[in-house]
Amino acid sequence: MKNKLLAAIVIAVIAATVAFMAYTARQQARRTGASGHKIVVVTTLFPLYDMAKHIGADKADVSLLLPPGVEPHSFDPTPGDVVRINEADVFVYAGKFMEPWADKIIKSITNKNLIVVDASQGTRMIPAVFHDIDEPAGALDPHIWLDFDNARIMVQNIEKALEAKDPADSGFSQRNAEAYSKGLTEIDQSFKNTLAHCRDREIVYGGHYAFGYLAKRYDLKYLAAQGVSPDTEPTAKDLARLVDQIKKDKIKYVFYEELTSPKIAETIAGETKAQMLLLNPAANVTRNQLEQGVTFFGILKADLENLKTGLECR
């Protein structure tokens with residue numbers, strides 16, 4: 001009886017030891033990305049999601065924190081979102097001006113192995129534009145991904161985090177990041193070539209001030225109905241100013257944005273007989289777009305086609 005009891009104890013100890021070792025191995029794999037474990041990446045915005053998916057490829061499990069179709073400026077994380085961030089290997093956000101809620105959540109994280117990536121680090125930011133409200137001191141425009149020099153820096157920031165999680169195969173993420181950056185360079189050149197020869201050089205946008213970086217990069221004039229936040233309704237004075245500008249300059253098209261109501265653009269178009277074209281800032285996508293596998297590059301190419309039409313570029 002004693003021998004049987006001793007044997008049972010030994011077996012139990014061995015089983016517990018094996019289970020503990022297996023658990024430790026899984027945790028180590030989770031920390032390093034080794035042994036075939038996919039690095040869990042949570043991103044806030046669609047461009048960051050697209051970048052991380054292409055850089056991590058089949059070695060990363062990348063998810064988008066924003067629910068499809070939600071305008072990111074009005075997004076407020078749920079307790080479940082906080083849990084997702086805490087359980088991830090890498091959390092990528094666009095910076096304090098885009099996600100003012102992020103700092104508080106990051107300070108509350110208990111996962112000591114989580115790598116937090118502020119994708120705006122190293123980018124060149126421009127002042128934010130506000131309409132008829134007090135401008136917060138030092139506020140900067142958060143739409144950094146629409147300057148492709150900034151976008152390439154964002155790619156580098158994400159790649160460094162994935163490389164840190166899987167240093168044994170750093171060449172994999174580096175090659176993918178280089179390929180993505182090359183794609184950004186090619187799109188940048190397409191924008192330069194197309195927008196260099198346009199009859200009009202004035203974008204009138206019936207949405208929030210999202211294209212300041214793009215306009216600055218390609219020497220375009222940019223007028224938006226709202227400031228950097230789409231939560232503020234334009235005043236009658238704002239709309240009258242845009243209507244007068246369109247009539248004065250004989251502008252034929254007014255642009256509207258993807259995830260908010262087009263009623264502002266419709267109002268402007270109705271007053272001026274201008275036609276409407278979509279111009280998508282790409283911060284988030286609809287559920288249908290996500291399911292269909294839309295890419296950041298795909299959105300940018302569609303934007304360029306509409307700019308070509310709306311600005312009458314040859």
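What follows is a chat between a trainee and a mentor about a predicted model.

Trainee: Let's start with the sulfurs. Why are Cys198 and Cys313 called a disulfide?

Mentor: Set the value against the cut-off. The sulfur atoms of Cys198 and Cys313 are 2.0 Å apart, and a disulfide needs cysteine sulfur atoms within 2.5 Å. So the pair counts as a disulfide. By this rule the count comes to 1 disulfide.

Trainee: What makes that disulfide right-handed?

Mentor: The torsion about the S-S bond of Cys198 and Cys313 is about 90°, so we call the disulfide right-handed.

Trainee: And which parts of the chain does the pair link?

Mentor: Distant ones. Cys198 sits in the loop between helix 6 (170–195) and strand 5 (202–205), while Cys313 is in the segment after helix 11 (296–310); the two are 115 residues apart. Both Cys198 and Cys313 are buried, too.

Trainee: Speaking of which, how do you know whether Asp81 is buried or exposed?

Mentor: Check the relative accessible area. Asp81 has 9%, and buried means under 20%. So Asp81 is buried. Asp81 lies in helix 3 (residues 79–87). Leaving aside neighbours within four places in sequence, Asp81 is in contact with Leu65 and Phe75.

Trainee: On to the sheet. What makes strand 1 and strand 2 a pair?

Mentor: Count the bridges. Strand 1 (residues 39–43) is joined to strand 2 by 5 bridges, and a pair needs at least two. So strand 1 and strand 2 do pair, and they run parallel. If you want a spot to look at, Val41 stands opposite Val62 in strand 2.

Trainee: How does the whole sheet line up, and why are some of its strands called edge strands?

Mentor: It's an open sheet of 4 strands in the order 2-1-3-4, with parallel pairing. Strand 2 (60–64) and strand 4 (115–118) are the edge strands: each pairs on one side only. From one strand to the next, the twist averages 20°. Helix 2 (residues 46–56) packs on the sheet and touches strand 1, strand 2 and strand 3 (90–93); the direction of helix 2 makes about 170° with that of strand 2.

Trainee: How do you know that strand 3 pairs with strand 4?

Mentor: Same kind of test. There are 4 bridges between strand 3 and strand 4, and the rule asks for at least two, so strand 3 and strand 4 are paired. Phe91 stands opposite Val116 in strand 4. The chain gets from strand 3 to strand 4 through helix 4 (residues 102–108), in a right-handed β-α-β crossover.

Trainee: What about strand 7 and strand 8: in which sense do they pair?

Mentor: Parallel, over 4 bridges, with strand 7 at residues 253–256 and strand 8 at residues 275–278. Here Val254 stands opposite Met276 in strand 8. The chain crosses between them through helix 9 (residues 263–272), and that β-α-β crossover is right-handed.

Trainee: Last one. Which residues have the most contacts inside the largest nonpolar core?

Mentor: Val41, Trp145, Phe191, Leu195, Phe296 and Leu307, in a core of 80 residues. Helix 5 (residues 148–165) gives the largest share, 7 residues. Leu307 touches Phe191, Leu195 and Cys313, among others, not counting residues up to four places away in sequence. There's also a second, separate core of 12 residues, including Val204, Ile246, Ile251 and Ala274.

Methods: Residues are numbered from 1 along each chain as its sequence is written. This is a predicted model: local features need pLDDT of at least 70, side-chain atom pairs count only at pLDDT 80 or more; totals for chains, interfaces and linings use all residues. Side-chain values use heavy atoms; hydrogens and water are left out. Axes are lines fitted to C-alpha atoms, for helices over the stretch in contact, and angles run from 0 to 180 degrees between N-to-C directions. Contact means heavy atoms within 4.5 Å. A crossover is right-handed if, with the strands pointing away from the viewer, the path from the first strand over the helix to the second runs clockwise. Buried means under 20% relative accessible area, exposed over 50%, partly exposed in between (1.4 Å probe, protein chains only). A nonpolar core is a set of buried Ala, Val, Leu, Ile, Met, Phe, Trp, Tyr and Cys residues joined through side-chain atoms within 4.5 Å.
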